[in-house]
There are 2 protein chains.
Amino acid sequence: MTETTTDPAAETSGKRARAKAANRMAILDAARHVFARLGYEVTTVRDIIRETELAAGTFYNYFRSKEEVFEALSGDSALRFSERLEDIRSQATDFETYIRAAYRAYFNFLAEENAASIADGTPHMALIGVRVDTPELKAVFAEIRTDLDRILGDETVSSIDTEYLTAAAVGIAREMGDHMLTRRPVDPHVAAEFAANTLLSGLGGIAVDKPGE
Amino acid sequence: MTETTTDPAAETSGKRARAKAANRMAILDAARHVFARLGYEVTTVRDIIRETELAAGTFYNYFRSKEEVFEALSGDSALRFSERLEDIRSQATDFETYIRAAYRAYFNFLAEENAASIADGTPHMALIGVRVDTPELKAVFAEIRTDLDRILGDETVSSIDTEYLTAAAVGIAREMGDHMLTRRPVDPHVAAEFAANTLLSGLGGIAVDKPGE
DNA sequence: CGAAAAGTTGACCATCCGTCACGATTGCCC
DNA sequence: GGGCAATCGTGACGGATGGTCAACTTTTCG
């Protein structure tokens, strides 16, 4: 009984751990706001820490640099999307179903994550001009490729370059996503259908433009 | 005869203009090297200027920041590609011909521009992790969209969302381009064919994988 | 309760950015 | 040629940021 608090993932075990979590969260929140207000490039670590109650030195107990904060934010985002992909993966067994569901999920996700920025006029991080490939993002791409490998392995005999196929699918999503966010109103459904039709049938799939329905 | 040197675009009019051009070129060359050697993010203006014979203050007579140098380099690159697109535009009158030629041109261009980086192991700027949308790049995208507007206007009756179509085409190119550059050997032909088939026919176009020829 | 551990603080030094007064070089007119 | 005005390069300087660290405060736990 020397170790009573053996809760592995206890929500708030001690005062120390609670403060640690709160500080980390405060820095991330401040960073989100400052990035949106000043722009990522010109933001300094001082700008971020000034938005909190903490001292300059404390920042470096949590992150090594401004870039690492960005990656944490971006990583969280990628992780949240990865969870949605999980559901899609388990339910879709053929290529078309998977692709349609994945694009729907992605464009909806993008619209939701940027809902605040869309309401006021704030340009969101995706549109600031830089696009960073974090490890978490690459991990999501790898998951998608694994999914495609599995699905296409069942479906077809000819060998397909799934690395390129994944790249094409991801490229369509990323580039179209930027454009979708600039439109008013933002319509994830239209974007998802367009993207899926393109990847499934190319120009032919989008030219006929759903005759019925 | 008071104005003898009325050459509008004279190559090297005076000593002053020659030095100006040489200095600008020296800074751009130095920047290219330093970006490749140290990485774009950590490079400072001092690092760039130290690679030249110039003083620190002189840098700011030519560029306002490191970012502006990057945009100049990237802008030049976009302009060079735009010239190739010019030829394609004038020759291609249908969608398939245009798309195939454009992808071939792009992936070849990408391979050529990064030939040096491919030879030694230097990771090139496209792969450093950031991707910046310069005005010149956006201009090229706008050109492509105009081309598609014209070609598809002739070809089909149904209205197509050419903004999204351009985004999809561009997204495929950019994302696949990154992957192409990581392969050894770099094969622009394969990449171009894959990209074109995807945009033209979607999965169907790449699954059958050219039976003849 | 008291000592060790963990964490916070803010000052500190090195570095970088962007500016600017000064000096040198060039263009130009007589 | 000679001399003046404009242009441009120079390098030091003020301001600001990055990252560190010794001292201090708070929590944990025996």
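This dialogue walks through a predicted model with two protein chains and two DNA strands.

Me: How are the residues, chains and confidence limits to be read here?

Reply: Residues are numbered from 1 along each chain as its sequence is written, while chains are lettered from A and ligands numbered from 1 in the order in which they are written. Because this is a predicted model, local features need pLDDT of at least 70 and side-chain atom pairs count only at pLDDT 80 or more, whereas totals for chains, interfaces and linings use all residues.

Me: Which residues come nearest to DNA strand C?

Reply: A residue is near a strand if its C-beta atom, placed from the backbone, lies within 6 Å of it. Around DNA strand C there are 21 residues, and A:Gly57, B:Gly14, B:Lys15, B:Thr44 and B:Gly57 come nearest. Helices (H or I, at least four residues) and strands (E, at least two) are DSSP runs, numbered from the N terminus, and among the elements that give two or more residues to this surface are α1 (15-38) and α3 (56-59) of chain A. The most comes from α1(A), with four residues.

Me: Which residues are closest to DNA strand D, and which element gives the most there?

Reply: DNA strand D is surrounded by 22 residues, of which A:Gly14, A:Thr44, A:Gly57, B:Ala55 and B:Gly57 are the closest. Here α1(B) gives the most, with four residues.

Me: How many residues does each chain bring to the contact between chains A and B?

Reply: Two residues are in contact if their C-beta atoms, placed from the backbone, lie within 7 Å. Chain A brings 36 residues and chain B brings 36 residues, and on the side of chain A that touches chain B, α8(A) gives the most, with twelve residues.

Me: What relation holds between chain A and chain B?

Reply: Two copies of a chain are related by a rotation about an axis and a shift along it. With copies superposed by least squares on the C-alpha atoms of residues with pLDDT of at least 70 in both, chain A can be laid on chain B with an RMSD of 0.1 Å by a turn of 180 degrees and a shift of 0.0 Å along the axis. That is the relation of a two-fold axis, and the same surface serves both copies, since 100% of the contact residues of chain A recur in chain B.

Me: What does A:Ala195 touch?

Reply: Apart from its neighbours within four places in sequence, A:Ala195 is in contact with A:Tyr103, A:Ile172, A:Ala173, A:Met176 and B:Ala168.
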